[in-house]
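The following exercises concern the sequence and structure shown below. Each task is followed by a solution in steps.

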Amino acid sequence: MTEERDIRIQHLQALRDQGINPYPHAVERTHTIGDVLKDFDAHAGPDGSYTLVGRVRLLREMGKASFAQIEDGTGRIQIYIRVNDVGKETYQLLKLLDLGDFVQVHGFLFYTRTGEKTLHVQSLRVLSKGLRPLPEKYHGLEDRDTRQRKRYLDLIANGDEIKNIFITRSRLITAMRQFLDNEQFIEVETPILQPIYGGANARPFTTHHNTLDRDLFLRIAIELYHKRLLVGGFERVYEIGRSFRNEGIDRNHNPEFTLIEFYMAYADYNDTMTLVENMLAFIAQQVKGSTRITYQETELDLTPPWKRYSLLEVIHQFTGIDVQKYPDRESLAAEMRARNFEVDPRLGYGRLIEDLKSAMFRQGHAELRQPLFLIDYPEDVSPLTKKHRTLPGMVERFQPFIGGLECGNAYTELNDPLDQRARFEDQARQRAQGDEEAQVLDEDFLEALEVGMPPTSGVGLGIDRLAMLFSDQESIRDVILFPTMRKSADES
């Protein structure tokens, strides 16, 4: 690497010695490569005049004539450079070009004897000199850690394969916005730096504002500010944005992630289930052209309606534990241990039930692969949710699962301010007992609820996990352009 970089720096200096700026300010381009390739026959001929730009991906010098390939964001094309056309001085620049340099070329289009679509170059200009080599062209960039840590190399080496993942992600978000806009939601923006974090069970990242001389938290969820907006009179709001949780990293979790949350007044969790399944079917149709997608070799049908399963019933079915027979933490923990499930001593009764749910999905049951909703959760792990209208100790909450992936969380929202205060106080007790992810009491939010919030339902969906599904990627780090990474050897 050091030797090749030194050679490239020598080429850079040689260009400057000839009075050539290897990093010019202005660029000319009349067409993209994709434009000319799409209708090449109509463009070809010696009377044509096309100025293309791109990165040099291949260079073959052959005496007084040379071939190269350049690539822009729309495609790759061969170029043909002859000393008689560009002049000796320009032709000699080829010896100072390296793979990865950016050039501007002007000329006409023609077919070579072998039928290769080619630009016959009449002028050439260096646009940007690369000082480090591209990934090895025949083997690409295969090391997963390097691909995720140095995404720019991944995009260069693996081309359309990797770019299409992030194009799919972008189209997913566009379709999501289109659906919600059509449903009369408005997009809003709420604080990322918050004086009190809330809206989820998670540990926050903490920072300090010097001028205000106070600690602030990166938001772990968007929820509590959206509810303030419903108190203020908005009836349908959504937000797509970053949230941050100071938690572990694995194939489904990244500390910095993208979330959509939306809230709908005068609705309950049944209404939101219908909206979610319709929205994801719409997105699939827009992005993939069908409500059937393939994830990890399983075909998934997103066509509504999806199956609804009671959380406790499905846990009983797939783990053998009838949670209702174990009404307190001690008895449930004992039964879990007897069946070889891990039991975290810091967690309360409801969190143990959620651990059983997670273990059930890790077992990989085929019946749980298709899109489904798990409904009706324990009250003590759902502090922002309205109590179930018929099931004591439970709340009206659901989570969508697709391909075995947990994709979100939704409630019939709690709008009783006195009940909400009692739930926050219970969360405080859980924190005191060692649950670092229990929620904190937010007095300003409680004051807003006392002003009055209409009956409401809301949902949060993980954009990254949906991107995993729609691009068929196993790890969340493969759908985030720059995921959070452990220290490299160079950083230690």
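**Exercise 1. Establish the overall composition of the protein.**

Step 1. The protein has 15 helices and 19 strands, where helices (H or I, at least four residues) and strands (E, at least two) are DSSP runs numbered from the N terminus. The model is predicted: local features need pLDDT of at least 70, side-chain atom pairs count only at pLDDT 80 or more, and totals for chains, interfaces and linings use all residues. Residues are numbered from 1 along each chain as its sequence is written, and side-chain values use heavy atoms, with hydrogens and water left out.

Step 2. Along the principal axes, the C-alpha atoms fill a box of roughly 90 × 50 × 50 Å.

Step 3. Of the 492 residues, 51% count as buried; buried means under 20% relative accessible area, exposed over 50%, and partly exposed in between (1.4 Å probe, protein chains only).

Step 4. The accessible surface comes to about 23900 Å², and 47% of this area belongs to carbon and sulfur atoms. Such areas come from the Shrake-Rupley method with a 1.4 Å probe; for residues, only the protein chains shown count as cover.

Step 5. Among contacts with a separation of 6 or more, 65% are made by residues 24 or more positions apart, a contact being heavy atoms within 4.5 Å.

**Exercise 2. Determine which side of helix α1 is buried and what α1 packs against.**

Step 1. Helix α1 covers residues 2-17, and its 16 residues reach 22 Å from the first C-alpha to the last, close to the 22 Å expected at 1.5 Å a residue. The expected span is 1.5 Å times one less than the number of residues.

Step 2. Arg8, His11, Leu12 and Leu15 are buried in α1. They lie on the same side of α1 because they cover an arc of only 100° around the axis; the arc is that of the directions from the helix axis to the C-beta atoms. An α-helix has 3.6 residues a turn, so residues three or four places apart point the same way.

Step 3. Thr2, Glu3, Gln10 and Asp17 are exposed on the other side of α1.

Step 4. The packing partner of the buried residues of α1 is β5 (117-128). Glycine 19, with a positive phi near 80°, follows α1.

**Exercise 3. Carry out the corresponding analysis for helix α13, and locate glutamine 427.**

Step 1. Helix α13 has 16 residues and reaches 23 Å between its first and last C-alpha atoms, close to the 22 Å expected at 1.5 Å a residue.

Step 2. Pro417, Asp419, Gln420, Arg423, Phe424, Gln427 and Gln430 are the buried residues of α13. Their arc around the axis is only 155°, which puts them on the same side of α13.

Step 3. Leu418 and Ala432 are exposed on the face of α13 turned away from its buried side. The cover of the buried residues of α13 includes β16 and α14 (443-451).

Step 4. Glutamine 427 belongs to α13 (residues 417-432) and is buried, with a relative accessible area of 1%. Apart from neighbours within four places in sequence, glutamine 427 is in contact with Asn201, Asp380, Pro383, Ala438 and Gln439.

**Exercise 4. Identify the surroundings of glutamate 396 and serine 488.**

Step 1. Glutamate 396 lies in strand β16 (residues 394-402), where glutamate 396 is buried at a relative accessible area of 2%.

Step 2. Not counting residues up to four places away in sequence, glutamate 396 touches several residues, including Tyr269, Asp376, Lys386, Lys387 and Arg389.

Step 3. Serine 488 is found in the segment after α15 (463-471) and is buried, with a relative accessible area of 18%. Serine 488 and aspartate 145 are 343 residues apart in sequence, yet 9.5 Å apart in space, C-alpha to C-alpha.

**Exercise 5. Examine the backbone at tyrosine 266, asparagine 340 and proline 305.**

Step 1. Tyrosine 266 is not a glycine, but has a positive phi of about 60°. Tyrosine 266 lies in the loop between β11 (256-265) and α9 (269-288) and counts as exposed at 56% relative accessibility.

Step 2. Asparagine 340, also not a glycine, has a positive phi of about 65°. The loop between α11 (329-338) and α12 (349-362) holds asparagine 340, which counts as exposed at 71% relative accessibility.

Step 3. The peptide bond from proline 304 to proline 305 is cis, with omega near -5°. Proline 305 lies in the loop between β13 (298-301) and β14 (307-310).
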